[in-house]
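Let's go through a few helix descriptions and check each one against its cut-offs.

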Amino acid sequence: MKKVLITGITGQDGSYLAKLLLEKGYKVYGTFRRTSTPNFWRLQSLGIYSKVHLIPADLLDMGSMIESVKVSDPDEIYNLAAASFVSSAFEQPVGNAEITGLAVTKLLETLRFLNPNLKFYQASTSEMFGNVNSSFQSEKTPFNPASPYAASKLYAHWITNIYREAYGMFATTGILFNHESPMRGLEFVSRKITNGVAEISLGLKDELVLGNLHSKRDWGYAPEYMEAIYLMLQEDKPDNFVVSTGETHSVLDFVKLAFSLVGLDWKKFVKIDKRFFRPLEVNYLRGDNSKIKKKLGWKPKTTFEELVKIMIDEDVRRWKLFLDGKSFPWDAPLYPSESKIITRQSKENREASESNNYLNRSNIRKKTRKVNHSYLKKIGTDL
């Protein structure tokens, strides 16, 4: 059975990828950051919480990452963890650089020492392109990051490429354009729109406050993008791939379609607030997915219209559950009884530690024998 370690398993991408790999017969390990209010609702909503093995870890703590790799002993690692909300990166640029950028070097160093032969995936982003003067962005398009988040991601992207070239590691990057789903966080504009529209349609609120309606993005369906990154690590050689739909739509297009799906006029409910504008806007992104289509045979299946409908339908369903007094996905228990959380006191961790200690002792004994043998030969004595 293949084993995989997913950093950021509790996020949108991590949860969908975990589900996909479980269906393919993998034993799935995932890291999560300990907080007072754990974020397991996506895993529970997808029905996989009891099937994954969770390891508390912090990307900034190299010791915990070493421990995670030792315990999981994976064939593949997908590094999806990051401080991924672009606007907050302007508020916390140093922390974002450490988590999204520098932490990737720590992880690569961990792999270089422990197992340089495993396959590593780094999640890059279309935000690295920034405001470029090209109608499509491909793997060859120059980068021009326009946020601390994008700059941090670009560092992580290049350091992954450097480790691939310098040390011969299987280190692949996926430059994913916007990919959305009902599992998207509410701070992202796509879910902010669909969740807000669902609430308005059910009489729970009367306005939706947004920022720049004219930014254009290439929006795809997240589960399909996880299939793309899985295919990347099944290749014989590492590479960089753009994952996109090849279409672009404005935030306003998203808003109009979302309101139309519930039979409402968006103009009556949408308000613009300058505080939701970025200090430096990225106005247009549209990916060229011809390379991944040709090399991996991957292509998007869900249209923009279908994507928005999927998200609206699910948000309406959730709020109807709330109105009926039933549980919400994010009302799930913080630490359900079926938890498979691996700590330093867990059996798996003790076994990994004991195995590592045994190997260390064996290596020491081999080195000692070699030294003794050399010394005895020198004085004319054989073992």
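Axes here are lines fitted to C-alpha atoms, for helices over the stretch in contact, and angles run from 0 to 180 degrees between N-to-C directions. The model is predicted, so local features need pLDDT of at least 70 and side-chain atom pairs pLDDT 80 or more, while totals for chains, interfaces and linings use all residues. Residues are numbered from 1 along each chain as its sequence is written, and side-chain values use heavy atoms, with hydrogens and water left out.

Q: What makes α5 roughly parallel to α6?
A: Helix α5 (residues 93–114) and helix α6 (residues 148–167) pack at about 15°, with their axes 8 Å apart. Angles under 35 degrees count as roughly parallel, so α5 gets that label against α6.

Q: Which residues of α5 and α6 make the contact (heavy atoms within 4.5 Å)?
A: On α5 they include Ala97, Leu108 and Arg112, and on α6 Tyr149, Ile159 and Tyr163 are among them.

Q: Why is α1 called largely enclosed by the rest of the structure?
A: Buried means under 20% relative accessible area (1.4 Å probe, protein chains only). Nine of the twelve residues of α1 are buried, so the label follows. Among them are Tyr16, Leu17 and Leu20, and the cover includes β1 (3–7), β4 (76–79) and α8 (222–232).

Q: How do you know that the span of α1 agrees with the expected one?
A: The expected span is 1.5 Å times one less than the number of residues. For the twelve residues of α1 (residues 12–23) that should be 16 Å, and the end C-alpha atoms are 17 Å apart, which agrees.

Technical notes
Helices (H or I, at least four residues) and strands (E, at least two) are DSSP runs, numbered from the N terminus. Buried means under 20% relative accessible area, exposed over 50%, partly exposed in between (1.4 Å probe, protein chains only). Contact means heavy atoms within 4.5 Å. Angles under 35 degrees count as roughly parallel, over 145 as roughly antiparallel, 65 to 115 as roughly perpendicular and the rest as oblique.
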